[in-house]
Amino acid sequence: MPDTTLVLRADDPIGTISPRLYGHFAEHLGRCCYGGLWVGTSSADIPHHEGFRSDVLEALRALPVPLLRWPGGCYADHYHWRDGIGPADGRPRRLGMSCGLQVEDDNSLGTHEFLRLCSLLGAEPYLAGNVGTGTPQELCDWLEYCNSALDTTLTRMRAANGSPAPFGVRLWGVGNENWGCGGNFDAASYAREYRRYATMLRHVDPTAELVACGLDDDWNTEFLRTLGKHVDLVDHLSIHRYWTHGGPETEFDEAEYYALLAEAAATEAFIVRTAQIIRETTGGQRIGVALDEWGVWHPEARPWGPGDVPRRAPVTYEQAGTLRDALAAAIALEGFHRQCSVLRLANLAQIVNVLHAPVMTEGARMWLTPTYHALRLHAPHLGATALPVEVGQGHSLPDGSSAVSATASRGNSGLAITLINRHFSRAADVRIDDAIAGYADGQLLTASAPRAANSANQPDLVVPAALAVHADGPGRWRVELPPHSLATVLIRRAPSEPWHR
Ligand code: AHR
């Protein structure tokens, strides 16, 4: 007898899992952009393609990266886009600032380089504009520079800098965390500022999707109410969620392990509440929720907040990424799939080296974190139709919730089911009911302990392995999940066919 059953509800699809839910975030913070992504066109030590690290590019192309937000974060509200165009040796050196860090910023990674990176990765760009130290005119100019097809001084500059055709950037953030680092606004004053920016931006490019800065229930309600009849200037409302209560990055105990997973699971409730506030204040669900920063932020990688452990000094915003972090990410992704009709985009923070990074570098070496592998295991879900999954029986966690959880989707090739066994120490024998007949295989991500992490010296300690998937009757399948593990089962209609979403 299996100890856990999963029932797929193919008759009641939730919606399409937009690839935008698998977005990433690259900020000029620590070694994310400079060093992690960009080593410059004259780097002799590290192989690169047009200035971008070749190893990192290759890893990210395989993830995939469908959406990439840049240049911040808090950095965005100090950033002046004109500093990052034109011949590299003529670009100004500025004080680069984000999250308390100050760096000498040579602006060698600017608009054209970032948009080139997006095209190399196949990613949709998402640009975060400067409200903190910028002006509506400056942001309008950036929008015109990127998107206008008319013959203007700005578009001639774009052509002279190598891009005659418009870039067609759809997503534009009007500031970042303007309740804090982006200017310490209150909700009503930000709403008035937003209204001015967004009105002008719409004149320049009415097809741009504008992302407003949100925070919590109170701010979001007041912001939307203050906009009143001008709420149609908002396409997406940005919220951020970092998980900070899991104790140390690697030496956590069992209670801290569960605390972090519970915090990750609670992200879904935050999305639901934000969507509800949008519905209640605007009378509909046209405005999407944009969770444009999310992930684990361990105490070692920040000078503030909970966590009774020594902080790294100086703080680098870098942290070890364990299997626990990968399970936490997968738990959040389950919620993203369930809320895919209201959650319109999401960006894991951040893409390389910083915070919950899937890819890490050290000198010329690169390694992939368990979270990278967890994301890879989710690739079949992108663009597919999310299906509800009911979990029956099974072991429970200390808080009474089920140890096993799952998300499923239907694509052109068949069904993809990603299962998590959150239990710290107990395996689970799982039967999947009401699936389809076909040809099943699986990939499993686990390790001897949830603390396991990859590193420059041990890059392959936590990597996916084949998982046996057994037929157990018509449309029924059976898998064994070790404790603290994650698996994706693919049930193809035709044998050995590459997976088509
Ligand atoms: O991702 C790091 C920082 O976290 C970002 O700059 C900011 O938006 C958030 O507070």
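A polar side-chain atom of Glu-177 lies 2.7 Å from an oxygen atom of the ligand. Tyr-242 makes a similar approach: an N or O atom in its side chain is 2.8 Å from a ligand oxygen. Cys-74 uses its backbone instead, with a polar backbone atom 2.9 Å from an oxygen atom of the ligand. How much of the ligand does the protein bury? Taken alone, the ligand exposes 280 Å², and the protein buries 93% of that. These values come from a predicted model.

Now look at the whole shell. It holds 15 residues, and the closest are Glu-27, Cys-74, Glu-177, Tyr-242 and Glu-293. By character, seven residues of the shell are nonpolar, five are polar and three are charged.

Next, turn to the helices. Helix α2 covers residues 111-121. Is α2 enclosed or open to the outside? Nine of its 11 residues are buried, so the rest of the structure largely encloses α2. Among the buried residues are Phe-114, Leu-115, Leu-117, Leu-120 and Leu-121. The buried set also includes Thr-111, His-112, Glu-113 and Cys-118. Just after α2 comes Gly-122, with a positive phi of about 75 degrees.

Helix α6 spans residues 217-227. Its buried residues are Trp-219, Asn-220, Thr-221, Phe-223, Leu-224 and Leu-227. What do they pack against? Their partners are two helices, α5 (187-204) and α7 (254-282), and two strands, β11 (209-213) and β12 (236-243). A glycine follows here too: Gly-228 comes after α6, and its phi is positive, near 50 degrees.

Strands come next, starting with a hairpin. Strand β7 (residues 94-98) pairs with strand β8 (residues 101-105) in the antiparallel sense, over five bridges. Arg-94 stands opposite Asp-105 in β8. Two residues lie between the strands of this hairpin, and Cys-99 takes a positive phi near 50 degrees there.

The structure also has an open sheet of seven strands. Its order is β2-β17-β19-β20-β26-β22-β23, and the pairing is antiparallel. The edge strands are β2 (15-16) and β23 (465-467), each of which pairs on one side only. Within this sheet, strand β20 (residues 414-421) and strand β26 (residues 485-492) run antiparallel, joined by eight bridges. One bridge pairs Leu-415 with Ile-491 in β26. In a regular strand, side chains alternate between the two faces of the sheet.

Another open sheet has five strands, in the order β18-β1-β21-β25-β24. Here the pairing is mixed. Which strands stand at the edges? They are β18 (389-393) and β24 (470-471). Each has a single partner strand, so one side of each is left without a neighbour in the sheet. The partner strand β1 (residues 4-8) runs antiparallel to β18, and five bridges join the two. Across this pair, Thr-5 stands opposite Gly-392 in β18.

Finish with a single residue. Thr-361 sits in strand β15 (residues 359-362). Is Thr-361 buried or exposed? Its relative accessible area is 1%, so Thr-361 is buried. Which residues does Thr-361 contact, leaving aside neighbours within four places in sequence? They include Arg-31, Gly-35, Gly-36, Arg-53 and Val-56. Val-352, Asn-353, Met-366 and Trp-367 are also in contact with Thr-361.

Technical notes. Residues numbered from 1 in each chain as written. Predicted model: local features only at pLDDT ≥ 70, side-chain atom pairs only at ≥ 80, totals over all residues. Heavy atoms only, no water. Near = heavy atom within 4 Å. Polar contact = N/O pair within 3.5 Å; in protein donor to acceptor, adjacent residues only side chain to side chain. Areas by Shrake-Rupley, 256 points an atom, 1.4 Å probe, with all protein chains shown as cover. Nonpolar A, V, L, I, M, F, W, Y, C, P; charged D, E, K, R; others polar. Buried < 20%, exposed > 50% of the residue type's maximum accessible area, 1.4 Å probe, protein only. Helix = DSSP H or I, 4+ residues; strand = E, 2+ residues; numbered from the N terminus. Contact = heavy atoms within 4.5 Å. Pairing = 2+ DSSP bridges.
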